2 protein chains.
Amino acid sequence: MGEQTPRYHRIADDLRGQIERGELAPGQQLLTEFELMEQYAVSRNTVRLALRRLTDEGLIIAGQGRGSFVRKQLTPAVWDWSVLESRSRHRSDANGDQWASVVAESGREPRQEVKVTIRRPSAEIARQLQLDPETALTVVRERVRIVDQDPYALADSYFPEELVRGTALMLPEDVAAPGGVLASIGLIQVRYQDEITVRMPTRGESEKLGLPAATPVAVHMRTGYDKGDRPLRVMITILPGDRHVIRYDVSAE
Amino acid sequence: MGEQTPRYHRIADDLRGQIERGELAPGQQLLTEFELMEQYAVSRNTVRLALRRLTDEGLIIAGQGRGSFVRKQLTPAVWDWSVLESRSRHRSDANGDQWASVVAESGREPRQEVKVTIRRPSAEIARQLQLDPETALTVVRERVRIVDQDPYALADSYFPEELVRGTALMLPEDVAAPGGVLASIGLIQVRYQDEITVRMPTRGESEKLGLPAATPVAVHMRTGYDKGDRPLRVMITILPGDRHVIRYDVSAE
DNA sequence: TTGGTGGTCTTGTACCAACAACTTGATGCC
DNA sequence: GGCATCAAGTTGTTGGTACAAGACCACCAA
């Protein structure tokens, strides 16, 4: 049978069309693999290849023992990164808790799990903080941001150890202060450099965030500098693509 | 055999470890499926499941008839979006050709394929441009940005038709002007709103860009406003994750 | 030298079978 | 009623086979 496109491609195309036209609504259960076998007169393997294709595109999601379902897209959280902590319009909250207040406004319950460690910096972190990777130490605050019990993002902050030694930043608690936590200990960030990359999550990230298959992440790395251009902090945020929008406002002064 | 983790998980973990430890270098060919069958004493099906896992993580890439290879990451192009076209430091070029000049600086050859059409706007575009989706028309400039024959990004610009009627923007050519093309016809953008989302590419994007499997894309939507807060343009750029870094500088005035 | 031709190697597609693991709802016991 | 148990249904895992399709190389012929 000299067909050009493989059968499982055409089955996937057919199902994708049904999803895009709305004949299969978000959250709705698809036919079972066995039913699809009969409908298309193919083997179960071929059906599974087609379903895998849709899974990889993020269109459906399968659960063992339950069935396959059209994936419903979450209403994404919009995240405005174009404001300095020190002049945040969001009622005097730090950037770390801009998040908390934005979430709270939408009637949901934010929570953060914080873990603090002292570590030798990785090559990338050392470069961003202009530290010697052999001798310097960094204080690392690893946060898991949770909304209504569901993990939403990972946010890890790295500080040069000598700058924050003995301050509240070393407490494994959810610290917040008006104007930003760094400002509260006398470190004023006047400039950020943000770099955003896109990739598939690592296994560890995928587990911590409970990500469904085929969910890419944005990696947002923000380096904060004081007015002498000394780097004070690197914050790396892992934002799952299915639940976040990153926003910037760029304007002439 | 009451094992907790499936065999193909463990095989994938093993191979992933080899890649991460550098025992398998980027670009290097993996053992063939048949050899892996013998080495792990499993069926080809199981080997393929393990390889698929690594493919989905973006770690390897397979070619029919050639073999499987450790994926080498490209040196990503850094893309600075925090500058207005009108005050670009990059030798008086438009944003659209900030790209061209950055690429040219690194000794590679940039090229753009441009297609211009007039269309009724989608709901999203109409909302961004504050147009009536029933009656309004938009001029759409679809560009494929190519570096050394390889497609690198898609950049589609949408203009309200009444604003650009009869101007150079309606020519299906690679137009450029000092200070930006819009400025050259009297439309001055003083503010942008950028929204970045992350998702898997659609089939069409994947084909146009020749993306390997498991390559997510960043969708960068920039809406430009004049000083009366009237939207002048929406530009949607599709940036494959394996070859782009998005950068912003955020500073106090 | 050049070009085509064919054979071999490798991954891709498609089929079949069996059991495991998990979910869900029904059943029945206390 | 409440709770444990069971059975049926569904996807997950693993084994097998066969042929197709693309890549690559060696060989031969012009």
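How many nonpolar, polar and charged residues does the surface near DNA strand C have? By class there are 4 nonpolar, 12 polar and 6 charged residues, where Ala, Val, Leu, Ile, Met, Phe, Trp, Tyr, Cys and Pro count as nonpolar, Asp, Glu, Lys and Arg as charged, and the others, Gly among them, as polar.

Before you start clicking, note that this is a predicted model, in which local features need pLDDT of at least 70, side-chain atom pairs count only at pLDDT 80 or more, and totals for chains, interfaces and linings use all residues. Residues are numbered from 1 along each chain as its sequence is written, chains are lettered from A and ligands numbered from 1 in the order in which they are written, and side-chain values use heavy atoms, with hydrogens and water left out.

**Stop 1: DNA strand C**

Select DNA strand C and the 22 residues around it; A:Arg7, A:Tyr8, A:Asn45, A:Thr46 and B:Arg44 come nearest (near means a heavy atom within 4 Å). Now show polar contacts (pairs of N or O atoms within 3.5 Å). A side-chain N or O atom of A:Tyr8 sits 2.5 Å from a phosphate oxygen of the strand. For A:Arg7, a polar backbone atom is 2.6 Å from a phosphate oxygen of DNA strand C.

**Stop 2: DNA strand D**

Move on to DNA strand D, where the closest of 22 surrounding residues are A:Glu33, A:Arg44, B:Arg7, B:Tyr8 and B:Thr46. Of its atoms within 4 Å of the protein, 64% are sugar and phosphate. Zoom in on B:Tyr8: an N or O atom of its side chain is 2.4 Å from a phosphate oxygen of DNA strand D. Then pick A:Arg48, with a polar side-chain atom 3.1 Å from a phosphate oxygen of this strand.

**Stop 3: helix H1 of chain B**

Next, select residues 7–20 of chain B, helix H1 (helices are DSSP runs of H or I, at least four residues, numbered from the N terminus). Its 14 residues should span 20 Å at 1.5 Å a residue, and the end C-alpha atoms are indeed 20 Å apart (the expected span is 1.5 Å times one less than the number of residues). Among its buried residues are B:Ile11, B:Leu15 and B:Ile19 (buried means under 20% relative accessible area, 1.4 Å probe, protein chains only). Just after the helix comes B:Gly22, with a positive phi near 85°.

**Stop 4: between the chains**

Finally, show the contact of chain B with chain A, which takes 39 residues from each (heavy atoms within 4.5 Å). The two chains bury about 3200 Å² between them, 55% of it on carbon and sulfur atoms (accessible area, 1.4 Å probe, lost on being put together, summed over both). On the chain B side, colour B:Val198, B:Arg203 and B:Val250, which lose the most area to chain A.

Key:
Helices (H or I, at least four residues) and strands (E, at least two) are DSSP runs, numbered from the N terminus. Buried means under 20% relative accessible area, exposed over 50%, partly exposed in between (1.4 Å probe, protein chains only). A polar contact is a pair of N or O atoms within 3.5 Å; within protein, one must be able to donate a hydrogen and the other to accept it, and residues adjacent in sequence count only if both atoms are side-chain atoms.
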